[in-house]
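The exercises below are meant for a reader who is meeting this structure for the first time. Please keep the sequence and the model open while working through them.

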Amino acid sequence: MSNEKSPFIVEGKLADNERLKRESNNLRGTIEADLKDQLTGGFTADNFQLIRFHGMYQQDDRDIRADRAKQKLEPLHNVMLRARLPGGVITPDQWLAIDKFAAEQTLYGSIRLTTRQTFQFHGVLKPKIKSMHQMLNKVGIDSIATAGDVNRNVLCTSNPVESELHLQAFEWAKKISEHLLPKTRAYAEIWLDGEKVETTEKPVEPILGDNYLPRKFKTTVVIPPQNDVDVHANDLNFVAIAENGQLVGFNVLVGGGLAMTHGDKSTYPRKASDFGFIPLTSTLDVAAAVVTTQRDWGNRVNRKNAKTKYTLERVGVENFKAEVEKRAGVTFQESRPYEFTGRGDRFGWVEGIDGKYHLTVFIENGRILDYPNKTLKTGCAEIAKIHKGDFRLTANQNLIIAGVAPEDKAAIESLAREHGLIAPAISNQRLDSMACVALPTCPLAMAEAERYLPDAVTELEGLLAKHGLEQDSVIFRVTGCPNGCGRAMLSEVGLVGKGPGKYNLHLGGDREGTRIPRMYRENISEQEIMAELDVLLGQWAKERNAGEAFGDFVVRAGVVKPVIDSARDFYDA
Amino acid sequence: MSQDSNSNSAPGAVLNEQQWNAITQAIAGLNRDQLTWVSGYAAGMAAAQGGAIAPVIQSATAPAGDAPTLTILYGSQTGNAKGIAAQCQAKAEAAGYSSKLVSMADYKPRNLKGETHVAVFVSTHGEGDAPDDAIELHEFLGGKKAPKLANTKYAVLGLGDSSYEFFCQTGKDFDERLGKIGGKSIVERLDCDVDYEAEAEAWLAKLIEALKDDFSAAQAPAVAVQAGVAVQGVASQTYTKKAPFKAVLIDSQKITGRDSVKDIRHIEISLEDSGITYQPGDALGVWFKNAATLVSELLGLLSLDGDTEVIVADTTTTLVEALTSKLELTLSYPNFIKSYQAATGSESLAALMEDKAQLRTYMAERQIIDIVRDHPGTLSAQQLVDALRPLTPRLYSIASSQAEVEEEVHLTVAHVDYEAFGHRHQGGASGFLCEYLEENGEVEVFVENNDNFRLPTDPNTPVIMVGPGTGIAPFRAFMQERDAQGAEGKNWLFFGNPHFTQDFLYQVEWQGYVKEGLLDKITLAFSRDQEEKIYVQHRLLENGKEVYEWLEQGAHFYVCGDAMHMAKDVENALITIVQEHGGKSEADAKAYVVELRKAKRYQKDVY
């Protein structure tokens with residue numbers, strides 16, 4: 001850690017979260033006392049925030065919050081747990097363990113695959129939390145630092161075809177994740193009954209610092225031409241550069257992020273800046289240098305401007321990059337050429353270069369649950385019982401049954417069909433649509449997302465059919481609040497929740513996820529959204545160039561001005 | 001309690017207002033000689049209690065040992081026995097007999113030998129159990145130390161509920177035991193069912209009449225009220241069971257969660273302009289109407305016309321009105337079976353009546369309509385009315401303090417509502433309160449005093465409250481009262497129910513009291529949240545050391561709720577705690593608990 005006073009530090013009264021991190025005794029707080037408190041199902045004071053650093057959010061069933069207030073009952077407090085699963089890889093044994101827990105110990109009974117390439121349990125009551133962590137630990141999973149002001153779950157492109165390259169990239173994702181993890185033993189002590197070791201050594205956290213990061217920090221490893229992880233939604237991205245099918249190094253992209261605040265123009269989504277190429281050997285040093293620079297220079301006064309993207313804009317990309325080079329002892333080389341061609345998953349069977357087969361199945365909203373007509377959860381569990389490879393969760397909330405030997409294909413496929421994991425006709429539009437969790441569990445949600453998506457897509461399919469566009473689709477994303485877990489700020493048609501039944505409609509992103517869509521209409525109803533889209537899709541059908549995507553069309557046709565430099569032009573009309 | 005003070009005001013330094021009222025009531029109408037005698041009598045009693053009373057006064061005329069006195073003993077849980085006992089005294093007084101009214105809890109069993117006339121009024125609970133204040137005397141009479149009575153005459157009136165197996169058992173015991181040790185019965189014992197008023201009144205008249213010969217020869221009559229046990233409350237309410245207040249429902253809110261198997265309501269009733277007062281610990285009597293659907297179904301099953309005129313308690317009314325407002329339909333009782341069988345000639349019912357145990361089991365699970373469904377028959381409207389017993393109000397422990405809610409009264413009501421024998425069943429009063437009574441609808445209520453369930457008079461005294469399920473109700477009143485008093489004494493609540501998320505009654509209120517420091521401890525037992533079932537008695541045992549420490553610091557210990565299981569389990573836990581943490585033998589631990597009860601530091605409101 002550098003002790004010299006930097007001109008890039010924001011002076012002022014620190015945000016309250018800074019106090020709570022500082023006073024948390026390296027993330028312990030008084031969580032253990034809260035676990036013993038029978039009077040409430042929630043966590044109190046600072047612990048409410050501190051459990052996030054352990055991978056949990058306190059939530060409640062918002063559908064019944066008002067009812068319970070009348071019943072003189074507190075909200076139905078529970079936690080959502082987000083596992084740490086670098087690259088989204090999970091074994092069949094692990095799957096069976098989480099399947100059982102979800103069914104028996106959670107209020108919603110589901111496994112939720114998320115845009116962070118991991119799974120979430122929703123609705124875990126306080127008395128079950130400890131046994132949940134112990135169950136995960138037993139199968140080799142934890143939830144350390146999947147939320148809070150730390151480096152979160154590291155994503156890695158789900159590319160089952162180029163098996164060897166994927167394996168190498170995935171190994172780096174794991175290494176980066178481990179390298180940037182908090183070193184405090186708080187998690188083990190609180191949840192796993194680990195021995196309490198008195199330590200006077202400071203800092204406990206050489207990379208994150210004992211006050212941790214100013215804000216959340218997201219990292220990916222991406223293998224072009226796929227951009228399934230959405231690099232521009234992340235603070236730090238390692239773009240895999242291969243020679244002859246072997247990973248040789250990374251282009252480093254820094255400072256992406258989609259979160260903003262309604263009505264606050266000092267906040268905006270921002271694409272990541274390209275710092276240049278580094279060889280593999282510098283990977284961990286560069287990762288640490290980016291994190292520590294953001295740690296020291298990030299804004300700890302105003303949390304709304306605390307993410308890396310704002311630090312870059314404030315100190316200048318070149319200054320930030322120079323500091324990283326200094327701290328990591330590297331010089332960024334000129335970026336190697338690469339190209340993103342798409343973000344979607346490759347559904348169905350593909351054969352990898354290692355001769356193994358991989359089946360990608362579509363999971364609407366990533367919600368794995370037994371529905372009346374499709375027993376997705378039972379299906380996954382039945383497959384896990386016979387599967388010899390592994391499962392991979394994609395950043396698009398879908399599931400890959402990976403590494404299937406040719407002789408096992410038929411059995412797996414039969415189970416997948418039996419349980420509706422392979423459904424006869426899912427439209428391209430449905431495959432290209434995504435939503436965050438939102439109501440009823442997410443406390444931040446301003447409007448529905450997951451529960452609105454299926455119907456919204458059906459309406460959209462109707463509009464496409466009406467205009468003869470059945471085979472076409474638009475990247476359609478719904479996010480319940482401007483924090484943007486649904487990554488609507490990298491879609492062609494994006495809805496950002498504003499209030500119950502009301503959204504801001506954004507248009508003009510591209511299919512590859514390299515252009516931020518601009519707000520086209522503010523605070524409009526679901527009916528108004530579909531009415532607007534009806535007109536625009538009709539126009540697209542008639543006037544588009546050959547193969548022209550909807551997002552490109554609306555920009556060319558002048559429906560919206562493209563966002564080019566979001567820090568300056570995002571709020572232009 | 002506020003009362004009109006139109007003439008003399010209480011000599012506050014010596015007596016409280018209630019005592020003063022009791023005394024003025026007692027001496028009203030006495031002539032000059034009688035008043036003089038009373039003053040001497042009171043002085044004599046003071047001397048007997050010890051202390052420095054001047055010998056001059058001690059020598060004042062005291063009643064002769066063999067002068068006949070009617071000693072009226074009551075053992076009462078809900079106040080009914082006490083109420084009749086007070087009536088008895090009023091009648092004795094009117095007849096000019098010397099009498100005294102004493103709670104069995106305050107009566108020294110050794111004194112029995114010296115009594116000339118004893119009238120016993122005692123209720124029965126649960127499985128033939130004596131009420132708390134009668135336990136000691138009841139045991140004493142049945143034990144080896146029971147005296148031989150040479151010159152004592154007695155009469156017993158028992159109170160009970162004939163739907164229970166051991167109907168009026170405690171009354172029967174007193175009758176038998178007093179007779180066995182030589183007492184002579186004055187009049188035959190009366191076993192009162194829930195609709196006792198008319199019978200009890202007739203019996204009292206008979207008793208007073210039977211005492212005439214013994215008492216008319218006696219000298220100066222006297223009425224005594226034992227020190228500190230005023231006949232308070234009995235006459236203090238303007239509105240009574242017979243003359244209830246027409247109140248209005250303000251709010252009925254389900255307070256169990258969406259997924260609860262229980263339907264428990266928080267009920268708020270307005271007492272505006274009634275002048276009704278109550279204290280934490282009191283119960284609210286609620287008159288209810290039977291559900292219209294139930295009445296019409298019963299009429300249909302028996303092919304009776306609701307407009308038929310019938311006579312109920314000497315009043316002519318329509319059958320539908322009688323079934324709705326005057327007669328008990330949601331319980332079953334032996335008299336109905338008997339009368340219904342006689343009227344219909346049902347052979348299946350006759351067969352069932354052969355085996356008492358079988359009949360009891362059958363009745364325990366059924367309401368009137370089930371019996372009619374199972375054993376169809378025909379009878380006249382008047383026969384049906386005569387077979388049914390009068391509707392009685394239900395008592396609910398009050399869940400509020402007037403210090404907090406002023407002219408409101410709150411209840412915590414479990415809505416009895418279940419499927420059985422292929423039909424929906426509801427509790428009479430709870431169905432009325434929870435489903436049929438609409439907001440701003442009228443409900444007839446009265447306050448039933450319960451001096452056996454009172455907060456400590458000293459606000460610094462700690463209290464331990466054990467109230468699982470709807471047993472929580474009076475403790476909500478207690479906490480509101482202690483909050484308003486600014487009471488410094490520590491408070492510890494034990495609560496239990498099936499599930500934390502669904503059944504934590506008044507959760508946010510307890511959270512508030514914990515936060516503001518009023519509620520020092522709250523210990524919870526959610527029985528169905530884990531494999532093994534955990535109940536309040538388990539939590540008591542777990543916290544045994546501290547519970548005992550509180551008791552040693554003078555804490556009062558309260559239990560409210562289920563009498564059948566919970567209250568017994570809690571009492572056993574209490575004995576175990578005293579044994580373990582007080583280093584006592586089982587017998588000594590039991591004696592410790594008995595002492596707690598006698599000192600009114602262990603009080604129960606169980607049902």
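The structure shown is a predicted model, and each exercise is followed by a worked solution.

**Exercise 1.** Find A:Met56 and determine which residues A:Met56 is in contact with, leaving aside its neighbours within four places in sequence.

*Solution.* Begin with the position: A:Met56 belongs to strand β1 of chain A, which covers residues 56–60. Next, look at the contacts beyond the four nearest places in sequence, which are A:Ile51, A:Val79, A:Met80, A:Leu81 and A:Ser143. Then take the burial: a residue is buried if 20 or more other C-beta atoms lie within 10 Å of its own, and A:Met56 counts as buried because it has 26 such neighbours. Finally, set the distance along the chain beside the distance in space: A:Met56 and A:Ala447 are 391 residues apart along the chain, and their C-alpha atoms are separated by 22 Å.

**Exercise 2.** Determine which residues have the most contacts inside the largest nonpolar core.

*Solution.* The largest nonpolar core has 100 residues, and those with the most contacts inside it are A:Ala169, A:Val221, A:Ala240 and A:Ile401. Apart from this core lies another, of 78 residues, with A:Leu73, B:Ile464, B:Leu524 and B:Ala589 among them. As background, nonpolar side chains in soluble globular proteins tend to be buried together. Returning to A:Ile401, and not counting residues up to four places away in sequence, one finds that A:Ile401 touches A:Leu359, A:Ile383, A:His387, A:Phe391 and A:Ile412.

**Exercise 3.** Locate the cis peptide bond that joins A:Pro224 and A:Pro225, and then examine the peptide bond from A:Leu439 to A:Pro440.

*Solution.* For the bond between A:Pro224 and A:Pro225, omega is about 10 degrees, and A:Pro225 is placed in the loop between β7 (219–222) and β8 (236–243) of chain A. For the cis bond from A:Leu439 to A:Pro440, omega is near 5 degrees, and A:Pro440 sits in the loop between β16 (433–435) and α15 (453–466) of chain A.

**Exercise 4.** Decide whether A:Ala45 is buried or exposed, and do likewise for A:Gln397.

*Solution.* A:Ala45, which is not a glycine, has a positive phi near 45 degrees, and its place is the loop between α2 (31–36) and α3 (47–53) of chain A. A:Ala45 is exposed, because 11 other C-beta atoms lie within 10 Å. A:Gln397, also not a glycine, has a positive phi of about 70 degrees, and it is found in the loop between β14 (390–393) and β15 (399–404) of chain A. A:Gln397 counts as buried, because it has 26 C-beta neighbours inside 10 Å.

**Exercise 5.** Check whether the length of helix α22 of chain B agrees with its expected span, and find what its buried residues pack against.

*Solution.* Start with the chain as a whole: chain B has 23 helices and 22 strands, and 43% of its 607 residues count as buried. Helix α22 (residues 566–582) has 17 residues and should span 24 Å at 1.5 Å a residue, so the 23 Å between its end C-alpha atoms agrees. The buried residues of α22(B) include B:Met566, B:Val570, B:Ala573 and B:Ile577. An α-helix has 3.6 residues a turn, so residues three or four places apart point the same way. The partners of the buried residues of α22(B) include α20 (536–542), β21 (556–561) and α23 (586–598) of chain B. After α22(B) comes B:Gly583, with a positive phi near 60 degrees.

Key
Residues are numbered from 1 along each chain as its sequence is written. Chains are lettered from A and ligands numbered from 1 in the order in which they are written. This is a predicted model: local features need pLDDT of at least 70, side-chain atom pairs count only at pLDDT 80 or more; totals for chains, interfaces and linings use all residues. Helices (H or I, at least four residues) and strands (E, at least two) are DSSP runs, numbered from the N terminus. A residue is buried if 20 or more other C-beta atoms lie within 10 Å of its own, exposed if 12 or fewer, and partly exposed in between; C-beta atoms are placed from the backbone. Two residues are in contact if their C-beta atoms, placed from the backbone, lie within 7 Å. A nonpolar core is a set of buried Ala, Val, Leu, Ile, Met, Phe, Trp, Tyr and Cys residues joined through C-beta atoms within 7 Å. The expected span of a helix is 1.5 Å times one less than its number of residues.
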